[in-house]
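Subject: Two-chain model for your review

Dear colleague,

Please find the structure below, handed over for your own inspection. My notes on what was found in it follow directly after.

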Amino acid sequence: MSNAVASGETLYIQHFGNEEARSLEYYLKQMKGYTALKKAFGMKVEAIVEEMKASNLRGRGGAGFPTGTKWGFIPKESPKPKYLVCNADESEPGTFKDRDIMRYTPHLLIEGMVIGGYTIGAHIGYIYIRGEYTREAKLLQAAIDEAYAKGYLGKNIQGSGFTFDLTVHRGAGAYICGEETGLLNSLEGKRGEPRVKPPFPAQAGAFGGPTIVNNVETLAAVPHIINRGGKWFSSLGAVEKSGGTRLFCVSGHVKKPGLYELPSGGVTLRQLIYDYCGGILGDKKLKAVIPGGSSAPVLTPDEIDVVLDIEPLMKIGSMLGSAGIMVVSEDYCLVRLIWRITKFYDHESCGQCTPCREGCRWMKDILWRIENGNGRETDLPLLLDIANNINGKTLCALGDAAAGPVSSFVRKFKADFEAHIRGKRCPHAP
Amino acid sequence: MAKALSKKFYDEMTKLEPRYPTKVALLLPALHAAQDEYHWLPPEVLDEVAQYIGIHPAQVREVASFYTMYDLKPVGKNHLKICTNVACALRGAEGIVKHCEKKLGIKLGETTRDRKFTLHEEECLGACGTAPAMMLNDEYHENLDVRRMDEILDRLTK
């Protein structure tokens, strides 16, 4: 179990680690379970969308798109069935929050999905969960079975006349299935290759029907918003544009890695690392921080006074992404680290777009030769050139996700690369 | 021809069918269920899945080969998949891999001669706060170090 430290009002973390929290009985008694659903059934769907907009809930999967606005994109009338899909692929390296929501508070997600389905007019929902989370898939299924048995899923939910069926669909090991159109192809029984957009999923998504894809943490916020109001949820955030709390996933060289639930925009990266996570392991020197999953460009120790939220990180050329924060001390070689990251993108590139498929491989091979003392002076401009030729030139964001980290490591930690090239060896090697 | 897949497989699929608007959508669940029976996906099983869904066997292979969790070659009884992505590497996963290679006498991607162990490197498992992590078949093991790894391997060798 990860460390769980709370600050201010929290929505999730107090239940994490509690094996009883996942039962329907606990959810009904301790968490006002399914009261939001009853409230939502008494509301006009337009009013629900307005509450969602007022909440300033922004997608927790990585893109940070306002959820209320997204829900508003679904056409009212559609000849094809509409779908609500939960993205539980959680494959961005450094991210491990959705796993705890699913294994400790699965009913929050289920209730959020029924409300979402009701709002957009979808009667079918899928939870696309990464294949490795076998235990979490079983726990979710058990919670879904309980919800069916008590009439919170299925036909005529709680006498409302609304029907919603929910199915857990397991992935099978492919990072790209976290990309929403790759996910939809995978759900349809195909290779998880991202689609050309437009059409966007809200027009033609799963099985050709209008579809909303939301992250686990996003959907789990919905019952809170309906119960206590969009304005209240918005006020949980420390900045105007970002409502609610956020689950920050901290890993790497900190004394207390784990999940930290804090107000959106409420702390700086420095506070999170030193005040909450106890500082750097072994009191070593901080070397670098990746602030938003491995796709986020790296930050230097001089940059950690940034407020952890979408705009402040964007302003300094990085991103909050899925709030997966990986902290690196002087103990690990940064060339090796960016090689590992690039090896990952090379492995996970679906291969549709040439710049990404070929570029990731080239960058990986060049980084490997630098790490092994065979690098050339011309390798650094070459890496930047390849990254530049991937960035923005692919169907989905995987290309950018591979290019951004490489250029940021090369630009910000040039001396580390040069030491490898000039010394013809890795200074960290024994 | 005798069927390679059990009644349990077909019952499970029949239960799932009404959950999807197309039959092809059952492909991933079917491959998971089939692999549960054989611990990998032999060619005749892929063919039977194709027949059940009503698609060309090549289409099944096209999809199955896209996903790393489907084993298209036999794997050992204990399939070790050790994460070496960023968070786990920072916490010593590379040393754990080396230790396993030495102890089992195989390299990454290989299976021991007695077919007891297969060793693979895995990308991020979503257990970064409890790194290093690995999967042993379907099961997560977290907060690993060489000592804990030894305990696990010793238990499995017995």
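The buried residues of helix α6 of chain B pack against four elements of that chain, namely β1 (78-83), α5 (86-90), β2 and α7 (146-157). I should say at once that this is a predicted model, and that everything below should be read with that in mind. The residues of α6(B) that make this packing are B:Ala93, B:Ile96, B:Val97, B:Cys100 and B:Leu104. Seen down the axis of α6(B), these buried residues fall within an arc of 100°, so they line one face of the helix. The spacing of such a pattern follows a familiar rule: an α-helix has 3.6 residues a turn, so residues three or four places apart point the same way. On the other side of α6(B), B:Lys98 and B:Lys102 are exposed. The helix covers residues 93-104, 12 residues in all, and reaches 16 Å from its first C-alpha to its last, which is close to the 16 Å expected at 1.5 Å a residue. Directly after α6(B) comes B:Gly105, with a positive phi near 70°.

To place that helix in its chain, chain B has 7 helices and 4 strands, and their order from the N terminus on is α-α-α-α-β-α-α-β-β-β-α. The C-alpha trace of chain B spans about 50 × 35 × 25 Å along its principal axes, and buried residues make up 40% of its 158 residues. If one takes the contacts in chain B between residues at least 6 apart in sequence, 55% of them join residues at least 24 apart.

How many residues does each chain bring to the contact between chain A and chain B? Chain B gives 35 residues and chain A gives 47 residues. On the side of chain B that touches chain A, α2 (27-38), α4 (57-64) and α5 of chain B each supply at least two residues, and the largest share, 5 residues, comes from α2(B). That side of chain B divides into 24 nonpolar, 7 polar and 4 charged residues.

The largest nonpolar core holds 180 residues, and the members that touch the most others are A:Leu109, A:Val114, A:Phe248, A:Leu272 and B:Leu31. For A:Leu109, if its neighbours within four places in sequence are left aside, the contacts are A:Cys86, A:Ile101, A:Met102, A:Val216, A:Leu219 and A:Ala220.

In chain A, I would draw your attention to strand β9 (residues 324-329), which is mostly covered, with 5 of its 6 residues buried. Strand β6 (residues 245-252) of chain A runs parallel to β9(A) and is joined to it by 4 bridges, with A:Ser251 standing opposite A:Met326 of β9(A). Strand β8 (residues 286-290) of chain A pairs with β9(A) in the antiparallel sense, over 4 bridges, and here A:Leu286 has A:Ser329 of β9(A) as its bridge partner.

A few backbone features may deserve a look when you prepare the model. As background, most residues other than glycine have a negative phi, and most peptide bonds are trans. The residues and bonds that follow depart from that pattern.

- A:Ala323 has a positive phi of about 60° although it is not a glycine, and is found in the loop between α12 (310-315) and β9 of chain A.
- A:Lys424, also a residue other than glycine, has a positive phi near 55°, and is found in the segment after α17 (414-423) of chain A.
- The peptide bond from A:Lys197 to A:Pro198 is cis, with omega near -5°; A:Pro198 is found in the loop between α8 (180-187) and β5 (211-215) of chain A.
- The peptide bond that joins B:Ala131 and B:Pro132 is also cis, with omega about -5°; B:Pro132 is found in the loop between β2 (117-122) and β3 (134-136) of chain B.

Are the two residues with positive phi, A:Ala323 and A:Lys424, buried or exposed? A:Ala323 is buried, because 27 other C-beta atoms lie within 10 Å, where 20 or more are needed. A:Lys424 counts as exposed, because there are 10 C-beta neighbours inside 10 Å, and the limit for an exposed residue is 12 or fewer.

With kind regards

Methods:
Residues numbered from 1 in each chain as written. Chains lettered and ligands numbered in written order. Predicted model: local features only at pLDDT ≥ 70, side-chain atom pairs only at ≥ 80, totals over all residues. Core = buried A, V, L, I, M, F, W, Y, C linked by C-beta atoms within 7 Å. Contact = placed C-beta atoms within 7 Å. Pairing = 2+ DSSP bridges. Expected span 1.5 Å × (residues − 1). Arc of directions from axis to C-beta. Nonpolar A, V, L, I, M, F, W, Y, C, P; charged D, E, K, R; others polar.
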